[in-house]
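Got your viewer open? Load the chain, switch to a cartoon view and follow along stop by stop.

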Amino acid sequence: MNKLMHKKCYLLDMDGTIYLGDQLIDGADDFLKKIKALGKRYIFVTNNSSKSKNSYVKKLQKMGIKANDDEVFTSTEATIIYLNKIKKGAKVFLLGNKDLEQEFEDAGFKLVRARDEKIDFVVVGFDTTLTYEKLWIACDYIVAGTKYIATHADLVCPLENGKFMPDAGAIIAFIKAATEREPIVIGKPNKYMVDAILNKYSLKKEDLAIVGDRLYTDIRTGIENGIDSILVLSGETDKKMLETTEFIPDYVFDSVKDIISLL
(Lines give C-alpha, C1' and ligand atoms only; values in the text may rest on other atoms or scores of the structure.)
Protein backbone atom coordinates (compact mmCIF):
# COMPACT_ATOMS: atom_id res chain seq x y z
CA MET A 1 0.00 0.00 0.00
CA ASN A 2 1.29 3.46 -0.90
CA LYS A 3 1.21 5.49 2.31
CA LEU A 4 2.84 8.53 0.75
CA MET A 5 -0.36 9.77 -0.86
CA HIS A 6 -1.89 10.12 2.61
CA LYS A 7 0.88 12.29 4.04
CA LYS A 8 0.01 15.91 4.72
CA CYS A 9 3.50 17.34 5.11
CA TYR A 10 6.97 16.44 3.82
CA LEU A 11 10.11 17.29 5.78
CA LEU A 12 12.69 17.91 3.09
CA ASP A 13 16.43 17.94 3.45
CA MET A 14 18.08 20.45 1.11
CA ASP A 15 21.78 19.69 0.52
CA GLY A 16 21.89 16.56 -1.61
CA THR A 17 18.11 16.26 -1.83
CA ILE A 18 16.74 19.42 -3.46
CA TYR A 19 20.04 20.81 -4.69
CA LEU A 20 23.77 20.13 -4.80
CA GLY A 21 25.83 23.23 -4.13
CA ASP A 22 24.15 25.87 -6.29
CA GLN A 23 22.62 23.38 -8.74
CA LEU A 24 18.97 22.35 -8.45
CA ILE A 25 18.53 18.58 -8.71
CA ASP A 26 16.58 17.53 -11.80
CA GLY A 27 12.86 17.26 -11.08
CA ALA A 28 13.00 18.99 -7.68
CA ASP A 29 10.91 21.92 -8.87
CA ASP A 30 8.20 19.61 -10.27
CA PHE A 31 8.21 17.61 -7.03
CA LEU A 32 7.60 20.73 -4.93
CA LYS A 33 4.91 22.02 -7.27
CA LYS A 34 3.09 18.67 -7.11
CA ILE A 35 3.02 18.77 -3.30
CA LYS A 36 1.49 22.24 -3.35
CA ALA A 37 -0.96 21.33 -6.13
CA LEU A 38 -2.30 18.52 -3.94
CA GLY A 39 -2.99 20.96 -1.10
CA LYS A 40 -0.15 19.56 1.00
CA ARG A 41 2.83 21.33 2.50
CA TYR A 42 6.56 20.90 2.79
CA ILE A 43 9.13 22.22 5.22
CA PHE A 44 12.78 22.45 4.23
CA VAL A 45 14.65 20.98 7.19
CA THR A 46 18.40 21.27 7.21
CA ASN A 47 21.19 20.53 9.65
CA ASN A 48 23.47 22.99 7.87
CA SER A 49 23.98 25.87 10.31
CA SER A 50 26.45 27.82 8.18
CA LYS A 51 23.65 29.89 6.64
CA SER A 52 20.74 31.82 8.13
CA LYS A 53 17.15 30.94 7.41
CA ASN A 54 16.88 34.03 5.21
CA SER A 55 19.98 32.94 3.28
CA TYR A 56 18.31 29.62 2.50
CA VAL A 57 15.14 31.37 1.35
CA LYS A 58 17.17 33.58 -0.98
CA LYS A 59 19.15 30.60 -2.28
CA LEU A 60 15.98 28.65 -3.04
CA GLN A 61 14.40 31.67 -4.71
CA LYS A 62 17.52 32.19 -6.82
CA MET A 63 17.12 28.63 -8.09
CA GLY A 64 13.48 29.28 -8.95
CA ILE A 65 11.89 27.75 -5.84
CA LYS A 66 9.23 29.90 -4.21
CA ALA A 67 9.92 29.74 -0.48
CA ASN A 68 9.35 31.82 2.63
CA ASP A 69 10.83 31.89 6.13
CA ASP A 70 8.07 29.69 7.53
CA GLU A 71 8.96 26.91 5.08
CA VAL A 72 12.56 26.65 6.29
CA PHE A 73 13.59 25.11 9.61
CA THR A 74 17.27 24.83 10.52
CA SER A 75 19.27 23.15 13.25
CA THR A 76 20.17 26.69 14.34
CA GLU A 77 16.52 27.47 15.07
CA ALA A 78 16.10 24.19 16.94
CA THR A 79 19.25 24.90 18.97
CA ILE A 80 18.03 28.37 19.91
CA ILE A 81 14.69 26.91 21.00
CA TYR A 82 16.53 24.32 23.12
CA LEU A 83 18.86 26.86 24.77
CA ASN A 84 16.05 29.33 25.47
CA LYS A 85 14.27 26.65 27.47
CA ILE A 86 17.34 26.40 29.70
CA LYS A 87 18.48 30.03 29.94
CA LYS A 88 17.41 32.99 27.83
CA GLY A 89 20.08 35.57 27.09
CA ALA A 90 22.85 33.12 27.99
CA LYS A 91 26.55 33.77 27.36
CA VAL A 92 27.79 31.54 24.53
CA PHE A 93 31.15 30.74 22.98
CA LEU A 94 30.10 29.92 19.43
CA LEU A 95 31.96 28.14 16.67
CA GLY A 96 30.08 29.49 13.69
CA ASN A 97 30.29 31.98 10.85
CA LYS A 98 28.65 35.41 10.64
CA ASP A 99 25.17 34.11 9.73
CA LEU A 100 25.10 31.81 12.76
CA GLU A 101 26.45 34.53 15.04
CA GLN A 102 23.80 36.96 13.81
CA GLU A 103 20.96 34.51 14.47
CA PHE A 104 22.20 33.91 18.02
CA GLU A 105 22.56 37.64 18.69
CA ASP A 106 19.11 38.32 17.24
CA ALA A 107 17.75 35.68 19.64
CA GLY A 108 19.21 37.59 22.60
CA PHE A 109 22.33 35.56 23.36
CA LYS A 110 25.58 37.28 24.33
CA LEU A 111 28.49 35.95 22.29
CA VAL A 112 31.83 35.66 24.07
CA ARG A 113 34.92 35.55 21.86
CA ALA A 114 37.74 35.38 24.40
CA ARG A 115 39.15 32.99 26.97
CA ASP A 116 38.65 33.00 30.70
CA GLU A 117 35.18 34.51 30.85
CA LYS A 118 32.29 32.98 32.70
CA ILE A 119 29.98 31.51 30.06
CA ASP A 120 26.95 29.24 29.99
CA PHE A 121 27.43 27.22 26.80
CA VAL A 122 29.89 26.24 24.12
CA VAL A 123 27.95 25.81 20.87
CA VAL A 124 29.49 24.20 17.79
CA GLY A 125 27.97 24.76 14.37
CA PHE A 126 29.09 24.37 10.77
CA ASP A 127 31.86 26.96 10.95
CA THR A 128 33.33 27.81 7.55
CA THR A 129 35.47 30.51 9.24
CA LEU A 130 37.00 28.05 11.69
CA THR A 131 40.46 28.80 13.09
CA TYR A 132 42.80 26.89 15.37
CA GLU A 133 42.35 29.64 17.97
CA LYS A 134 38.58 29.10 18.04
CA LEU A 135 39.06 25.36 18.50
CA TRP A 136 41.59 25.88 21.26
CA ILE A 137 39.36 28.27 23.21
CA ALA A 138 36.36 25.95 22.81
CA CYS A 139 38.40 23.03 24.13
CA ASP A 140 39.53 25.07 27.14
CA TYR A 141 35.93 25.90 28.06
CA ILE A 142 34.75 22.32 27.51
CA VAL A 143 37.54 20.81 29.63
CA ALA A 144 36.62 23.29 32.36
CA GLY A 145 33.12 21.79 32.43
CA THR A 146 31.08 24.23 30.33
CA LYS A 147 27.89 22.76 28.87
CA TYR A 148 28.64 21.68 25.30
CA ILE A 149 26.00 21.79 22.54
CA ALA A 150 26.21 21.16 18.78
CA THR A 151 23.71 22.28 16.18
CA HIS A 152 24.24 19.01 14.27
CA ALA A 153 26.82 16.28 13.70
CA ASP A 154 26.92 15.75 9.91
CA LEU A 155 30.46 14.73 8.93
CA VAL A 156 30.41 16.24 5.45
CA CYS A 157 28.31 18.63 3.38
CA PRO A 158 27.80 17.31 -0.19
CA LEU A 159 28.56 19.53 -3.17
CA GLU A 160 28.08 19.14 -6.90
CA ASN A 161 30.30 16.77 -8.94
CA GLY A 162 30.66 14.31 -6.07
CA LYS A 163 32.70 16.67 -3.92
CA PHE A 164 32.10 17.64 -0.29
CA MET A 165 33.07 20.00 2.52
CA PRO A 166 33.97 18.88 6.06
CA ASP A 167 30.94 19.67 8.24
CA ALA A 168 30.24 20.18 11.95
CA GLY A 169 30.74 16.49 12.74
CA ALA A 170 34.38 16.79 11.72
CA ILE A 171 34.79 19.72 14.13
CA ILE A 172 33.14 17.67 16.88
CA ALA A 173 35.61 14.83 16.18
CA PHE A 174 38.54 17.22 16.62
CA ILE A 175 37.19 18.45 19.94
CA LYS A 176 36.51 14.91 21.16
CA ALA A 177 40.08 13.89 20.34
CA ALA A 178 41.37 16.77 22.46
CA THR A 179 38.86 16.76 25.33
CA GLU A 180 37.23 13.29 25.38
CA ARG A 181 33.91 15.14 25.55
CA GLU A 182 30.92 14.89 23.21
CA PRO A 183 28.12 17.44 22.85
CA ILE A 184 24.38 17.28 23.14
CA VAL A 185 23.47 17.28 19.44
CA ILE A 186 20.26 19.10 18.53
CA GLY A 187 19.82 18.53 14.79
CA LYS A 188 18.73 15.46 12.86
CA PRO A 189 18.41 12.62 13.81
CA ASN A 190 17.73 13.75 17.37
CA LYS A 191 14.36 14.25 18.99
CA TYR A 192 15.12 17.89 19.85
CA MET A 193 14.84 18.80 16.16
CA VAL A 194 11.67 16.78 15.60
CA ASP A 195 9.96 18.00 18.77
CA ALA A 196 10.68 21.62 17.85
CA ILE A 197 9.12 21.11 14.40
CA LEU A 198 6.04 19.32 15.75
CA ASN A 199 5.44 22.07 18.30
CA LYS A 200 6.08 25.00 15.99
CA TYR A 201 3.91 23.75 13.12
CA SER A 202 1.28 21.86 15.17
CA LEU A 203 1.96 18.62 13.28
CA LYS A 204 1.52 14.94 14.10
CA LYS A 205 4.13 12.31 13.30
CA GLU A 206 1.69 10.13 11.36
CA ASP A 207 1.05 12.99 8.92
CA LEU A 208 4.75 13.34 8.06
CA ALA A 209 7.32 11.79 5.78
CA ILE A 210 10.98 12.81 5.85
CA VAL A 211 12.98 12.93 2.62
CA GLY A 212 16.76 13.04 2.53
CA ASP A 213 20.02 11.69 1.17
CA ARG A 214 21.75 10.70 4.41
CA LEU A 215 21.23 7.45 6.23
CA TYR A 216 22.66 8.50 9.59
CA THR A 217 20.71 11.78 9.77
CA ASP A 218 17.60 11.89 7.56
CA ILE A 219 16.67 8.20 7.56
CA ARG A 220 17.70 7.71 11.16
CA THR A 221 15.48 10.67 12.07
CA GLY A 222 12.49 8.85 10.64
CA ILE A 223 13.32 5.52 12.25
CA GLU A 224 14.01 6.90 15.74
CA ASN A 225 11.12 9.33 15.79
CA GLY A 226 8.33 7.25 14.25
CA ILE A 227 8.19 9.09 10.91
CA ASP A 228 8.10 7.40 7.49
CA SER A 229 11.45 7.87 5.76
CA ILE A 230 12.35 8.30 2.09
CA LEU A 231 15.95 7.97 0.92
CA VAL A 232 17.09 9.64 -2.29
CA LEU A 233 20.36 8.61 -3.92
CA SER A 234 21.15 12.07 -5.26
CA GLY A 235 23.52 13.11 -2.47
CA GLU A 236 25.77 11.36 0.03
CA THR A 237 24.34 7.82 -0.01
CA ASP A 238 24.90 5.33 -2.83
CA LYS A 239 23.52 1.81 -3.35
CA LYS A 240 26.60 0.16 -1.83
CA MET A 241 26.15 2.10 1.41
CA LEU A 242 22.49 1.13 1.46
CA GLU A 243 23.42 -2.57 1.39
CA THR A 244 25.38 -2.37 4.64
CA THR A 245 23.48 0.21 6.69
CA GLU A 246 21.57 -0.42 9.89
CA PHE A 247 19.24 2.47 8.99
CA ILE A 248 16.76 0.98 6.54
CA PRO A 249 14.48 3.55 4.84
CA ASP A 250 10.81 2.89 4.13
CA TYR A 251 11.29 3.99 0.52
CA VAL A 252 14.28 4.44 -1.80
CA PHE A 253 14.36 6.56 -4.97
CA ASP A 254 17.10 7.82 -7.25
CA SER A 255 15.87 11.38 -6.69
CA VAL A 256 12.80 13.34 -5.62
CA LYS A 257 11.72 13.34 -9.26
CA ASP A 258 10.83 9.66 -8.90
CA ILE A 259 8.56 10.31 -5.92
CA ILE A 260 6.10 12.49 -7.87
CA SER A 261 3.95 9.65 -9.21
CA LEU A 262 3.33 8.30 -5.68
CA LEU A 263 2.09 11.54 -4.12
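In β15, which residue is the bridge partner of L231? Select V252: that is the β15 residue bridged to L231. Before moving on, some housekeeping. This is a predicted model, where local features need pLDDT of at least 70 and side-chain atom pairs count only at pLDDT 80 or more, while totals for chains, interfaces and linings use all residues. Numbering starts from 1 along each chain as its sequence is written, and side-chain values use heavy atoms, with hydrogens and water left out.

**Stop 1: the whole chain**

Zoom out. The chain has nine helices and 15 strands; helices (H or I, at least four residues) and strands (E, at least two) are DSSP runs, numbered from the N terminus. Along the principal axes, the C-alpha atoms fill a box of roughly 60 × 35 × 35 Å. With 263 residues, a compact globule would have a radius of gyration near 18 Å, and the chain agrees at 18 Å. That radius is taken over C-alpha atoms, and the globule rule is 2.2 Å times the number of residues to the power 0.38.

Colour by burial and 55% of the 263 residues come up buried. Buried means under 20% relative accessible area, exposed over 50%, and partly exposed in between (1.4 Å probe, protein chains only). Of the contacts between residues at least 6 apart in sequence, 68% join residues at least 24 apart; a contact is heavy atoms within 4.5 Å.

**Stop 2: the six-stranded sheet**

Now select β5, β4, β1, β13, β14 and β15, in that order: they make an open sheet of six strands with parallel pairing. β5 (72-74) and β15 (251-253) stand at the edges with a single partner strand each, so one side of each has no neighbour in the sheet. The twist averages 25° from one strand to the next. Two strands count as paired if DSSP finds at least two bridges between them.

Focus on β14 (228-232). Five of the five residues of β14 are buried, so this strand is largely enclosed by the rest of the structure. Show the side chains: D228, I230 and V232 point one way, S229 and L231 the other. In a regular strand the side chains alternate between the two faces of the sheet. On one pairing, β14 joins β13 in the parallel sense over four bridges, with S229 as the bridge partner of I210. β14 also pairs with β15, again in the parallel sense, over three bridges.

**Stop 3: helices on that sheet**

Add α1 (residues 28-37), which lies across β1 (9-12) and β4 (41-46) at about 135° to β4. Then add α2 (residues 53-62), which touches β4 and β5 and makes about 135° with the direction of β5. Axes here are lines fitted to C-alpha atoms, for helices over the stretch in contact, and angles run from 0 to 180 degrees between N-to-C directions.

Next, select α8 (residues 215-225). Its buried residues are L215, T217, D218, I219, T221, G222 and N225, and they pack against α7 (191-201), β13 (208-212), β14 and α9 (239-244). Just after α8 comes G226, with a positive phi near 70°.

**Stop 4: the α3/α7 crossing**

Keep α7 and bring in α3 (residues 75-86): the axes come within 9 Å and cross at roughly 85°. α3 and α7 are therefore roughly perpendicular to each other (65 to 115 degrees). On the α3 side, show S75, E77, A78, I81 and Y82; they meet Y192, M193, A196 and K200 in α7.

**Stop 5: the five-stranded sheet**

Select β7, β6, β8, β9 and β12, the order of an open parallel sheet. β7 (110-111) and β12 (184-185) are the edge strands, each paired on one side only. Two bridges join β9 (residues 147-150) to β12, and I149 stands opposite I184 there.

Two helices lie across this sheet's strands. α4 (residues 98-106) lies across β6 (91-95), β7 and β8 (121-124), at about 165° to β6. α5 (residues 132-143) lies across β6, β8 and β9, at about 135° to β6.

**Last stop: K87**

Finish in the loop between α3 and β6, where K87 sits. Is K87 buried or exposed? Partly exposed, with a relative accessible area of 39%. Not counting residues up to four places away in sequence, K87 touches F109 and D120. K87 and D120 are 33 residues apart in sequence, yet their C-alpha atoms are 8.5 Å apart in space.

How values were computed. Parallel < 35°, antiparallel > 145°, perpendicular 65-115°, else oblique.
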